[in-house]
Structures are given as structure tokens and as C-alpha cells.
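Reader: I have the sequence and the coordinates open. Can we go through the geometry step by step?

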Amino acid sequence: MKGVHNGFGPHFSILGDHFSPILAVLGPVYALFPHATTLLVAQALLFAASVPFIWKFAARRLGRPAAALVALAYALSWGLQVALAADFHEIAFAVPLLAVAIERLDAGRLRSAVAAALALLLVKEDFGLVVAMFGVVVGIRTKRWRLGGSLSAIGLVATVLTTRVLIPLAGGRSGYYWDYYAALGSNPLEATWHVIRHPASTWAAAFSPHPKITLFRWLFAPLGYLSFGSPIVLLSLPLLAERLLSNNPNQWTLTHHYSAPFAPIVTLAATDAVGNLMRALRAGPNPGAGRLARHRARLASGAGLGFAVGAAAVAVWASGRMPFDQLIHASEYQTSAFERAKGAAVAVVPSGVTVEASDTLAPHLVDRARVMLLDATPRGAPWVVLDQAFVEFPLSDAVQIQRRAVWLRSHGYRDVFSRDGVHVYHRSDR
């Protein structure tokens with residue numbers, strides 16, 4: 001499906017798209033339940049698996065009552081919501097791994113923290129830079145700069161190895177999805193030189209056009225920009241640079257899966273900053289001086305609980321503007337006539353055949369047919385399922401949809417199913 005549409009050929013390995021060998025973990029589960037729904041459930045469980053580590057970190061820093069509210073705020077964070085609404089993506093593995101790595105580091109369990117961080121290298125090629133930054137955070141937090149430097153070196157080498165060697169070996173192209181500094185140069189070296197020579201234009205590129213500013217605010221404002229009070233926020237810088245210095249508009253939006261990895265980083269960084277403030281309040285001058293010490297302790301506890309209450313309140317408010325808002329509308333629990341038409345169209349296609357299918361229909365066929373993503377180029381499949389009611393990726397407008405329908409009818413395809421704009425075409429001589 002992916003290889004045919006992107007011109008890599010029908011035998012293209014998914015590792016040539018994004019280098020995500022961690023997807024193999026889902027192999028046995030998918031073998032038992034070979035449906036697209038399996039991936040959606042797996043993603044939800046992976047996100048949920050990160051919540052206990054958020055709670056443990058917050059409980060250690062702020063106390064149990066505040067930790068429950070911080071965990072709630074995290075579970076409702078908009079970055080996770082939009083990722084769940086955008087279907088499955090390998091980024092789902094990064095969310096719990098980041099939470100584990102940061103929480104274990106804070107707990108002083110370096111082996112577990114390093115293991116979780118290194119596992120990020122199996123999620124996606126750009127996480128090598130996150131691992132490199134994690135090495136910096138390890139150095140800052142533990143003063144073990146040799147270990148931190150080693151992690152940073154491993155992350156940088158892994159980034160070069162996956163993008164320059166492993167992805168091409170799997171049939172992809174080096175830099176095909178490389179969005180870092182894309183607005184500044186055609187490759188990382190050129191872009192880095194541009195940053196050194198032209199810092200002002202780099203800054204301008206990072207916050208122009210305006211959707212980039214909106215993105216920045218939504219990433220950090222819900223927690224009052226407190227994340228910038230902790231070195232943990234450094235982990236977000238590689239991902240932030242990839243998005244703000246990209247020339248791909250998809251990277252600037254509040255939709256898709258790109259914001260999910262920010263959720264554990266920003267939440268734990270803000271919690272860390274508040275925890276440090278509480279510790280400073282408790283440890284003021286003459287920490288053992290009776291009434292004053294108790295006053296400072298109450299003030300510190302109030303600061304932690306106030307932060308947690310505010311974070312939870314903002315998260316609930318934001319949910320009314322994000323995908324979870326759909327859960328309170330009765331219409332979301334009803335199947336529309338259009339959705340029933342799509343289900344009926346998919347049922348018309350026999351098992352074991354080769355079929356071209358529109359983007360949202362293809363996942364419903366992959367467990368029992370050989371599926372190619374329907375794009376502007378006819379592939380000659382004997383079966384074609386075409387949603388003519390809505391424009392779907394990778395088709396760009398209604399004219400392309402109409403052209404495909406005209407081409408099919410003029411090349412021997414019969415319209416064997418038609419309802420509410422959803423059509424199934426079949427050509428029997430193939």
C-alpha cells in the first residue's frame with residue numbers, strides 16, 4: 001500500500017518508510033486479532049501505560065493528592081487526544097518510554113532509565129536526537145557526564161545510521177521524512193550552517209507563519225510555561241525544532257500524532273519545576289524553626305496542590321475543544337447512513353483479491369485482501385472502492401475523484417455498488 005503510492009514499489013519494507021522496528025512487538029497480538037482495530041486498542045493501552053509513571057513522579061514531588069490531579073491532567077492532555085483521533089502511529093510507543101525514562105531517572109534508577117531511553121531508538125529515526133538530549137539531562141541531573149556523553153553519542157550515531165544507511169537498505173530514501181530544519185536547507189549540515197550564520201532568520205522561520213506560534217502556545221501554555229523551569233524540557237527541543245523549522249504545514253497543526261510525545265515531557269518538566277519550588281520553600285532559612293517551618297511547609301504543599309488543581313482544570317477545559325469533546329455527543333454513538341454505506345461497500349469486496357481503496361476504507365480490507373491506496377494513478381486492480389462523497393488523502397480535490405471514476409467506467413469497470421457517494425467498481429477480466 002505505502003510502497004505503491006510513494007513510488008517505492010509493491011515489495012517495499014515499512015522500515016524504509018520510518019525506521020520503527022519496535023512495531024514487531026505487536027506482531028503476535030496482530031496475528032491473534034488481525035484487524036485495524038487491534039492497533040487502535042494497542043495505542044490506547046500504550047498511552048494508558050504511561051499514566052502510572054506520571055503519578056509516581058508527581059507523588060514523589062508533590063504528594064499523593066496532587067499526583068492524582070496531575071495524572072488526570074496528563075491523561076486528558078490534548079496531545080494524547082489528537083493522537084488517538086488520528087488513528088494508529090508508532091509514536092504510541094514513545095509516550096510510555098519517555099514517561100518511564102524520565103520517572104526512573106528521577107527515582108535514581110539509572111539502568112531502567114537508560115534502557116527506556118535506548119528503546120526510543122527503535123521507535124522512529126528522529127528519536128536518536130531525543131536520546132542525545134536525554135544524555136544531556138542525565139549529565140545535568142546526576143553529574144555523570146561520561147554516561148550522559150555516551151548516551152548523546154549513541155543517539156547522534158543512531159540518527160545518522162538509521163537515516164543514511166538502514167532506511168535506504170530497507171528500500172526507502174534517506175531524508176524522505178527528514179523535517180529538521182527543512183525550512184533552512186536541503187540537509188542537516190546545510191541547515192546547521194545556516195543557523196550559525198543567520199540566527200535571526202532562523203528564529204523568524206521558527207515562529208512564522210502564525211500557526212507555529214499557536215502550536216507553541218498549546219504545547220506549553222496549559223501548564224503555565226512552568227516546564228521551562230526544569231532541564232527535563234530539553235527533551236522536547238529536538239521534536240520542537242523538527243516541527244517549527246519544518247516547511248511541512250502538517251507539522252504546525254494541532255491535529256495528527258505529532259504532539260503526543262510532548263505530553264509526558266511537558267507534564268513531568270512542569271511537575272519537576274513545581275517540586276523544586278516546594279523544596280526551596282521548605283528549606284528556607286532556619287528550616288527547623290518551629291512555626292516558620294510549618295508555615296513554609298503549608299505554603300509548599302499549597303503550591304503543589306494549586307498547580308495540580310490548575311493543571312486538571314485547564315485539561316478539562318481544553319477537552320471541550322479537543323477530540324474527547326465528541327464523547328459527550330449522542331451522535332457519536334450512532335451509525336450514520338454514510339457509515340453504513342461504507343460498511344456495505346467493503347462487504348461487497350471478496351476476500352483474497354487485490355483492491356484499490358480510498359484512505360479511510362482501506363484499513364477495513366487489509367486483514368483479508370491485498371490493498372493498494374487509491375491515489376491519482378490507476379493501478380489496474382480488479383476491485384476499486386472509491387469514496388466519491390469526500391476528498392481523502394492522497395487525492396487533493398473533487399476533480400481528481402471525478403477523473404478516477406470516469407477513467408474506471410471507460411476502462412471496463414462496472415459500478416457494482418453505489419450508495420451515498422460510496423462506489424465499488426469491478427472489472428472481471430483481471
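Reader: In which loop does Pro 209 lie?
Author: The model is a predicted one. The peptide bond from Ser 208 to Pro 209 is cis, its omega being near 5 degrees. Pro 209 lies in the loop between helix 11 (199-206) and helix 12.

Reader: Where does Pro 394 lie?
Author: The peptide bond that leads from Phe 393 to Pro 394 is cis, with omega near 5 degrees. As for its place, Pro 394 is in the loop between strand 3 and helix 17.

Reader: Is helix 12 roughly parallel or roughly antiparallel to helix 13?
Author: Helix 12 covers residues 210-220 and helix 13 covers residues 236-244; their axes are 11 Å apart and the packing angle is about 155 degrees. Angles over 145 degrees count as roughly antiparallel. Therefore helix 12 is, relative to helix 13, roughly antiparallel.

Reader: How do the residues of the contact of helix 12 with helix 13 divide into nonpolar, polar and charged?
Author: The crossing of helix 12 and helix 13 is right-handed. On the side of helix 12 the contact involves Lys 212, Leu 215, Phe 216, Leu 219 and Phe 220, and on the side of helix 13 it involves Ser 236, Leu 240, Arg 243 and Leu 244. The residues of this contact divide into 6 nonpolar, 1 polar and 2 charged.

Reader: Are helix 7 and helix 9 roughly parallel or roughly antiparallel to each other?
Author: Helix 7 (residues 110-119) packs against helix 9 at an angle of about 15 degrees, and the two axes are 11 Å apart. Angles under 35 degrees count as roughly parallel. Helix 7 and helix 9 are therefore, relative to each other, roughly parallel.

Reader: How many residues of the contact of helix 7 with helix 9 are nonpolar?
Author: Helix 7 and helix 9 cross in the right-handed sense. Helix 7 brings Leu 110, Val 114 and Leu 118 to meet Leu 147, Leu 151 and Ile 154 of helix 9. Among the residues of this contact no polar and no charged ones are found, and the nonpolar ones number 6.

Reader: Which are the edge strands of the open sheet?
Author: The open sheet has 5 strands in the order 2-1-3-5-4, and its pairing is mixed. An edge strand pairs on one side only, and the two that do so are strand 2 (370-373) and strand 4 (414-419).

Reader: By how many degrees are neighbouring strands of this sheet turned against each other on average?
Author: The sheet is open, with 5 strands and mixed pairing. With direction ignored, the average turn between neighbouring strands of this sheet is 20 degrees.

Reader: Which residue in strand 5 stands opposite Leu 386?
Author: Strand 3 (residues 383-387) pairs with strand 5 (residues 422-426) in the antiparallel sense, over 5 bridges. In strand 5, the residue opposite Leu 386 is His 423.

Reader: Which strands does helix 16 touch?
Author: Helix 16 spans residues 337-348 and packs on the sheet. The direction of helix 16 makes about 150 degrees with that of strand 4, and the strands that helix 16 touches are strand 3, strand 4 and strand 5.

Reader: Which residue in the turn between strand 4 and strand 5 has a positive phi?
Author: Strand 4 and strand 5 run antiparallel and are joined by 5 bridges. Phe 417 stands opposite Val 424 of strand 5. The two strands form a hairpin with 2 residues between them, and the turn residue with a positive phi, about 50 degrees, is Asp 420.

Reader: Is Arg 404 buried or exposed?
Author: Arg 404 is in helix 17, and helix 17 (residues 398-410) lies across strand 1 (354-357), strand 3 and strand 5. Outside its neighbours within four places in sequence, Arg 404 has contacts including Glu 356, Asp 375 and Leu 386. Buried means under 20% relative accessible area. Arg 404 is at 2% relative accessibility, so Arg 404 counts as buried.

Reader: What is the relative accessible area of Asp 87?
Author: Asp 87 is not a glycine, yet its phi is positive, about 70 degrees. Asp 87 is placed in the loop between helix 5 (78-85) and helix 6 (91-106). Asp 87 is partly exposed, and its relative accessible area is 47%.

Reader: What is the relative accessible area of Lys 143?
Author: Lys 143, a residue other than glycine, has a positive phi near 65 degrees. Lys 143 is found in the loop between helix 8 (127-142) and helix 9 (145-169). Lys 143 is exposed, with a relative accessible area of 58%.

Note on methods: Residues numbered from 1 in each chain as written. Predicted model: local features only at pLDDT ≥ 70, side-chain atom pairs only at ≥ 80, totals over all residues. Heavy atoms only, no water. Axes fitted to C-alpha atoms, helices over the stretch in contact; angles between N-to-C directions. Helix = DSSP H or I, 4+ residues; strand = E, 2+ residues; numbered from the N terminus. Parallel < 35°, antiparallel > 145°, perpendicular 65-115°, else oblique. Left-handed = near helix turned anticlockwise from the far one by under 90°. Contact = heavy atoms within 4.5 Å. Nonpolar A, V, L, I, M, F, W, Y, C, P; charged D, E, K, R; others polar. Pairing = 2+ DSSP bridges. Buried < 20%, exposed > 50% of the residue type's maximum accessible area, 1.4 Å probe, protein only.
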